[in-house]
Amino acid sequence: MLIDSHAHTCDEKFDNDREETLARAFAGGVKYIIEVGCEPESWDKVFELSRKENVFSMFGIHPQDASKFNEASLNRMKNLLNDKKCVAVGEIGLDYHYEYSPKNVQKEVFIKQMELAVEINKPVSIHCRSAYEDMLKILRTLNKIPKGVIHCFSGNLNEAKEVLDMGFLIGIDGPCTYPKSDKLKDVIANVPINKLLVETDCPYLAPQLFRGQRNEPSYVAEVAKKIAEVKGMQFEEVCNATAANTVNLFNLRS
Ligand code: NI
């Protein structure tokens with residue numbers, strides 16, 4: 001059993017073949033898909049998609065959209081987070097690569113959503129790009145840390161160890177299949193399989209075999225294959241272990 005624990009199939013890149021794309025994933029062994037609604041403009045579409053069987057949702061405000069966090073969007077988000085198909089707050093975090101929103105706004109909005117996750121007792125999916133130092137600083141100062149995953153992990157092994165100690169899991173995506181991914185392979189080799197999730201983050205980050213093309217949930221198998229290769233495990237073992245981790249973290253029930 002495979003799970004794509006982080007997908008953006010509501011992206012317009014799937015507008016012409018969303019149904020076929022989902023069908024391809026389910027036919028190819030993907031049992032569940034967790035669809036991410038991380039900007040207010042996409043929330044309704046994600047909510048609608050998550051009416052489908054075996055599709056779950058998460059809602060949050062992405063660091064790139066941090067400036068859209070206000071009382072109105074927060075109230076809307078709280079409603080969506082109440083939905084029974086919604087399994088997490090996400091993706092939330094820090095992105096200093098693009099820095100579409102000022103760093104201080106990103107930090108504030110990240111902290112508020114972490115506190116919200118604790119308040120409603122849901123796990124988080126954290127996006128962190130070029131901001132591991134500040135993310136760790138924030139995590140160290142929070143009174144209470146929710147359960148969650150550092151999605152599309154791109155830190156080093158020391159950073160991985162620190163977030164594992166805080167109780168987080170680590171999300172692995174297509175970049176682990178790229179030739180220049182020694183740092184990520186080092187993380188995969190040294191983190192126990194019961195701490196890893198597989199994700200696509202589609203339509204971005206297609207694995208090496210499909211690099212340059214649109215990514216899609218069925219390609220999550222490529223990520224599991226690479227983890228199996230790096231850890232010297234059977235592909236099926238990796239699929240089942242990461243799926244069990246995902247079901248436990250997000251409390252998935254079909
Ligand atoms: Ni994402």
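Which helix gives the most to the lining of the second largest pocket? Hold that one until Exercise 4.

A quick setup: this is a predicted model, where local features need pLDDT of at least 70, side-chain atom pairs count only at pLDDT 80 or more, and totals for chains, interfaces and linings use all residues. Residues are numbered from 1 along each chain as its sequence is written, and side-chain values use heavy atoms, with hydrogens and water left out.

**Exercise 1. Find the donors of the nickel ion and classify the arrangement.**

Step 1: collect the donors, meaning N, O and S atoms within 2.8 Å of the metal (3.2 Å for Na, K and Ca); water is not among the atoms, so sites may look incomplete. You get His-6 (NE2), His-8 (NE2), Glu-91 (OE) and Asp-201 (OD), at 2.1 to 2.2 Å.

Step 2: write out the spacing along the chain, which is H-x1-H-x82-E-x109-D. Glu-91 sits in strand E4 (residues 86-95), while Asp-201 is in the loop between strand E8 (196-198) and helix H8 (220-231), so this pair links parts of the chain 110 residues apart. Strands (E, at least two residues) and helices (H or I, at least four) are DSSP runs, numbered from the N terminus.

Step 3: check the angles. Four donors count as tetrahedral if all angles lie between 85 and 135 degrees; four count as square planar and six as octahedral if opposite donors are over 155 degrees apart and all others between 65 and 115; anything else is irregular. Here the 4 donor atoms subtend angles of 80 to 176°, which makes the arrangement irregular.

Step 4: look at burial, where buried means under 20% relative accessible area, exposed over 50%, and partly exposed in between (1.4 Å probe, protein chains only). Glu-91 counts as buried because its relative accessibility is 2%, and Asp-201 counts as buried because its value is 10%.

**Exercise 2. Pick out the unusual backbone at Glu-91, Pro-203, Cys-152 and Asp-201.**

Step 1: recall the background. Most residues other than glycine have a negative phi, and most peptide bonds are trans.

Step 2: go through the omegas. The bond from Gly-90 to Glu-91 is cis, with omega near -10°, and Glu-91 is the E4 residue that also binds the nickel ion. Another cis bond runs from Cys-202 to Pro-203, with omega near 15°; Pro-203 is in the loop between E8 and H8.

Step 3: go through the phis. Asp-201, in that E8 to H8 loop, has a positive phi of about 60° although it is not a glycine. Cys-152 also has a positive phi, near 45°, and belongs to the loop between strand E6 (148-151) and helix H6 (157-165).

**Exercise 3. Count the disulfides.**

Step 1: apply the cut-off, a pair of cysteine sulfur atoms within 2.5 Å. The search of the whole structure comes back with 0.

Step 2: try Cys-128. The nearest cysteine sulfur, that of Cys-152, is 11 Å away. Cys-128 counts as buried because its relative accessibility is 4%.

Step 3: try Cys-239. The closest cysteine sulfur, in Cys-176, is 13 Å away, so it is too far for a bond. Cys-239 is buried too, at 3% relative accessible area.

**Exercise 4. Describe the lining of the largest pocket and the second largest pocket.**

Step 1: fix the terms. On a 1 Å grid over the protein atoms alone, a pocket is an open set of points where a 1.4 Å probe fits, with protein on both sides within 12 Å along at least five of seven lines; lining residues have an atom within 4 Å of a point. Points are joined across faces, edges and corners, and a volume is the space filled by probe spheres set on them.

Step 2: take the largest pocket, at about 910 Å³. Of its 36 lining residues, the closest to its centre are His-127, Arg-129, Asp-201, Tyr-204 and Leu-205. E5 supplies the largest share, 3 residues.

Step 3: split that lining by class, with Ala, Val, Leu, Ile, Met, Phe, Trp, Tyr, Cys and Pro as nonpolar, Asp, Glu, Lys and Arg as charged, and the others, Gly among them, as polar. That gives 12 nonpolar, 11 polar and 13 charged residues.

Step 4: repeat for the second largest pocket, at about 180 Å³. Its lining has 15 residues, with Cys-86, Val-87, Lys-122, Phe-250 and Asn-251 nearest the centre. By class, there are 7 nonpolar, 3 polar and 5 charged residues.

Step 5: settle the opening question. The helix is H9, with 3 residues.
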